[in-house]
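Hi everyone, thanks for coming. Let me bring up today's protein on the screen, and then we'll walk through it together.

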Amino acid sequence: LTIAVSGIFRLRVASESKRSFHRVASMALSRFEYVKQFEQEDKLLPNAWIVVRIDGKGFHRFCEVHKFAKPNDLDALQLMNMAGMSVMQEFNEVAIGYGQSDEYSFVFRREANVYQRRRDKLVSYVASLFTSAYMFHWNRIFERRSLTIRYPPSFDARAVLYPTDENLRDYLSWRQADVHVNNLYNTTFWSLVASGLSNSEAERQLQGTLASDKNEILFSKFGINYNNEPIMYRKGTILLRKPVRTVDGVKKLIVPIFEDLINDEFWVRHPEILDKKVTTAKSDDAVLALSGLEAQPIVSYQLEVLQRKKAGIAEATARSNLSGK
């Protein structure tokens, strides 16, 4: 009897302690939760294109430390594309991605309501996802060069609203024009440095020159026709979702496109960017051939993931059949 009473007493004490704890926790919550009033939600205006642009922070030093090739390092650019692909895989609301050098722009559709269009949530998540994907895919891209990452990279991000389709096109045209200006200068500059000039001497020689002057320097001194340089270096990388014919049928993949997006022809060829209701997947002409694309790291990676999923499904089906027997 004494043991029974003691047990009941302990249960009552435990129950009272729990109730007391919940009352204290509830009081603490109501007492301190006023601080939430200091949080300000900055919501992006509706019915406008959202462009989140990622920029490398201190990438001049990052490129120097990791000995990236100048003026362009193909592997480094492909790594940026891998990170861009990861962002587009996470957000179906992204209509187009555009990358060049150490920056990437992601265009969210007008009707996108991700995170209720909260600027801080969207910008911080895109920046953190891009950075983690850059780290995640590093070894895949640089494995053959045995290039070990020396310190973590960082990227900042901003969100800008564009109210009209014309504004959006002009933004992307601006970024692609920027690629041309910078790449022409860098190609000429590093060619001069490679010929024996110091950095300061090369800068002085290029000071005040026009695009035609740089083209002349490249051709007359180094036999380089700038128009024959890889289009990826001259135009940047456009990422789009496109139907691709694979060995397992037509699959929707994120593919790199190297085209001039300033001209109207680009927007005629890819009408789904501005209008998601436009679908060309059923048209044979719209389905891309895998030949040529499979050499692109972002495409080969997606194909490998599809194969792993296929193998996993087959294995699970086999186990299920065995257990059924």
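Before we start, one term: when I say "domain", the bounds come from an automatic or database domain assignment. And please keep in mind that this is a predicted model.

Let's begin with the largest pocket. Its lining draws at least three residues from each of domain 1, residues 41-163, and domain 2, residues 167-230. The space inside is about 790 Å³. There are 33 lining residues, and C63, P71, S101, D102 and N186 are the closest to the pocket's centre.

Which helix gives the largest share of that lining? Helix 6 does, with seven residues. Several elements supply at least two lining residues each, among them helix 2 (59-65), helix 3 (74-90), strand 2 (94-100) and strand 3 (103-108). As for chemistry, the lining has 14 nonpolar, 11 polar and eight charged residues.

Now look at D55, which is found in strand 1, residues 49-56. Is D55 buried or exposed? D55 counts as buried because its relative accessibility is 13%, and the cut-off for buried is under 20%. Leaving aside residues up to four places away in sequence, D55 touches D102, E103, S154, F155, D156 and R158. You've met D102 already: that residue is among the closest to the centre of the largest pocket.

Last stop, the hairpin. Strand 5 (237-246) and strand 6 (249-257) run antiparallel and are joined by nine bridges. Two residues sit between these strands in the hairpin. If you'd like one pair to find on screen, K242 stands opposite L253 in strand 6.

Thanks for listening!

Key:
Residues numbered from 1 in each chain as written. Predicted model: local features only at pLDDT ≥ 70, side-chain atom pairs only at ≥ 80, totals over all residues. Heavy atoms only, no water. 1 Å grid on protein atoms, 1.4 Å probe; cavity = no way out; pocket = protein on both sides within 12 Å on 5 of 7 lines; lining within 4 Å. Points joined across faces, edges and corners; volume = space filled by probe spheres on them. Helix = DSSP H or I, 4+ residues; strand = E, 2+ residues; numbered from the N terminus. Nonpolar A, V, L, I, M, F, W, Y, C, P; charged D, E, K, R; others polar. Pairing = 2+ DSSP bridges. Buried < 20%, exposed > 50% of the residue type's maximum accessible area, 1.4 Å probe, protein only. Contact = heavy atoms within 4.5 Å.
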